[in-house]
Amino acid sequence: MLDPNLIREMPDVVKDGITKKGTDPSIVDDFLEVDRKRRDLIKKIDEMRHKRRTLSEEIGSIIARGGDAEGIKESVRETGTQINELESELRNIESVYQDLLLRIPNLPYSAVPYGKDESENVVIRQEGEKKEFPFTPRSHWEIGEALDIIDFKRGVKISGARFYVLKGLGAKLERALISWMIELHIQKHGYTEIFPPFLINRASMTGTGQLPKFEEDMYHIEVDDLFLNPTAEVPVTNLYRDEILSEEELPIKYVAYTACFRREAGAAGKDTRGIIRVHQFNKVEMVRFVKAEDSYKELDELIDNAEDVLRELGLSYQIKMMCTGDLGFAAAVKYDPEVYMPYQDKYVEISSCSNFEDFQARRANIRYRTKDGKIRFVHTLNGSGLAVGRTMAAILENYQTEDGSVIIPEVLQKYMGIDKISRK
RNA sequence: GGAGGGAUGGCUGAGCGGUUGAAAGCGCCUGACUCGAAAUCAGGUAGAAGGGCAACCUUCUCGUGGGUUCAAAUCCCACUCCCUCCGCCA
């Protein structure tokens, strides 16, 4: 969430920022109104509590001296009743106040280009040549089925639309990618591995910004009020919810593999074929907790860590910068590395690297103590490194040969024990 | 699932109805001593909210939410989590 003081002191800046994200700025006025009421009420209650406390102490000393305190007791009792009434009023106002704060999106970083929606995102650079084939390249789903390593029909039978089954060398390739990516981030980029729970409570989902606004995007287990992990960002960032770290521990860099579950509620009819958009996928995620003054330097590193995965796999890609309208709720800035997919002759999102500044840290109450004892919010960042299913799709398409087999990228060969997946 | 025990500041741990936001120890910070460090000594050291230009003042918080009382860390109720034993179990 935003700093309430910022909204109070510079409401126009906040309105401008959230308008660029496509949010109705009237929420700021709603907030200011409730904020005023809240503060007036707190002041009133504090004064009355002070009165009650003073009188109460007086009663103590009267009784200690053996005097009669019945009269004064009665008046304190009355004050107490009044306080109770005001307190219940405050509770109502407080919950509206909190809810509004949780629904105001983060402001875009100054360098983010203005744009209404994804059509106005900006490609900032391209790396590597698009792969050229002396034959017409096949789609990853055609290749996967022909090699008998992806089974779409039976995935649907077991679970439903947008589920698939990996088999044999397909399953092994998925596993190899996960291990290799994690190892790369640990050994080469200095991350520490985390393996978090996949079922997540409401407080954690609120901490990173999935709730309260996006409940319908998540799988929810009603009996226990738990959510299926939508991205490792959630459990890993919430590792330090309600904690105060020390400055010396920062930056903290974690890498986590998780399965990710998404209902894809608004995506009917989009990417219906293949393994690009599914309800369950594997992802290796990088998360950083950093000092405010370092967060943009840290973001550059994070993006480079994601790119390194693509470079090592020999895949060509581009980096796209999200415009204000496509930033999402919690991010201040977001870059999406996109991998080249030969069948569609298109770049497809394979990672997403964001700086949330202190937006998540305020929600999740993640702070650190500076060397001179001040307490400040950390900045949180995260990025995929990479989405595993999409990486597999990219490998199948980019490394296909005319006879229908697929070359295994060199870095994965020792994990696979082979250099090629061939038709039987 | 059954029975019992517990939850206090960065940590350990006292307090069990009246200046107790909280003893003591550890840790950390500052100062003294020292060429420097260690040891020692002195002092400081929770978070949040509201008010004030500020110094500072006020309020809230001893797992969470209610209740009793003039007054609750302390008494009562519910919930959550942790520990021990029993049962079940991948």
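**Gln400 and the domain contact in chain A**

Gln400 sits in the loop that links α12 (388–398) to β18 (406–407). The model is a predicted one. Gln400 has a relative accessible area of 5%. The cut-off for a buried residue is under 20%. Gln400 therefore counts as buried.

The surroundings of Gln400 were listed without its neighbours within four places in sequence. Its contacts are then Phe133, Phe135, Pro137, Arg138, Ile143, Ile395, Ser405 and Val406. One of these, Ile143, is 257 residues from Gln400 in sequence. In space, the C-alpha atoms of Gln400 and Ile143 are 8.0 Å apart.

Two backbone groups pair with the side chain of Gln400. The backbone nitrogen of Arg138 is reached by this side chain at 3.0 Å. A polar atom of the Gln400 side chain also lies 2.9 Å from the backbone oxygen of Glu397. Arg138 is also among the residues in contact with Gln400.

At the level of the whole chain, chain A comprises 424 residues, and 52% of them are buried. Its secondary structure consists of 13 helices and 19 strands. The C-alpha trace spans about 100 × 45 × 40 Å along its principal axes. Contacts between residues at least 6 apart in sequence were also classified by separation. Of these, 72% join residues at least 24 apart.

Chain A is split into domain 1 (4–103) and domain 2 (118–421). The centres of the two domains, taken over C-alpha atoms, are 43 Å apart. Domain 1 supplies five residues to the contact, and domain 2 supplies 11 residues. The area buried between domain 1 and domain 2 is about 720 Å². Carbon and sulfur atoms give 54% of that area. On the side of domain 1, Lys21, Leu102 and Arg103 lose the most area to domain 2. Together these three residues account for 77% of what the domain 1 side buries.

Polar pairing across the contact was counted separately. Five residue pairs are in polar contact between domain 1 and domain 2, with both residues at pLDDT 80 or more. Salt bridges between the two domains number zero. Helix α4 (residues 70–103) provides the largest share of the domain 1 side, with three residues. By class, the domain 1 side that touches domain 2 has four charged residues, one nonpolar residue and no polar residues. The zero count of salt bridges thus stands beside four charged residues on the domain 1 side.

Key
Residues are numbered from 1 along each chain as its sequence is written. Chains are lettered from A and ligands numbered from 1 in the order in which they are written. This is a predicted model: local features need pLDDT of at least 70, side-chain atom pairs count only at pLDDT 80 or more; totals for chains, interfaces and linings use all residues. Side-chain values use heavy atoms; hydrogens and water are left out. Domain bounds come from an automatic or database domain assignment. Contact means heavy atoms within 4.5 Å. Buried area is the accessible area (1.4 Å probe) that two parts lose on being put together, summed over both. A salt bridge is a side-chain nitrogen of Lys or Arg within 4 Å of a carboxyl oxygen of Asp or Glu. A polar contact is a pair of N or O atoms within 3.5 Å; within protein, one must be able to donate a hydrogen and the other to accept it, and residues adjacent in sequence count only if both atoms are side-chain atoms. Helices (H or I, at least four residues) and strands (E, at least two) are DSSP runs, numbered from the N terminus. Ala, Val, Leu, Ile, Met, Phe, Trp, Tyr, Cys and Pro count as nonpolar, Asp, Glu, Lys and Arg as charged, and the others, Gly among them, as polar. Buried means under 20% relative accessible area, exposed over 50%, partly exposed in between (1.4 Å probe, protein chains only).
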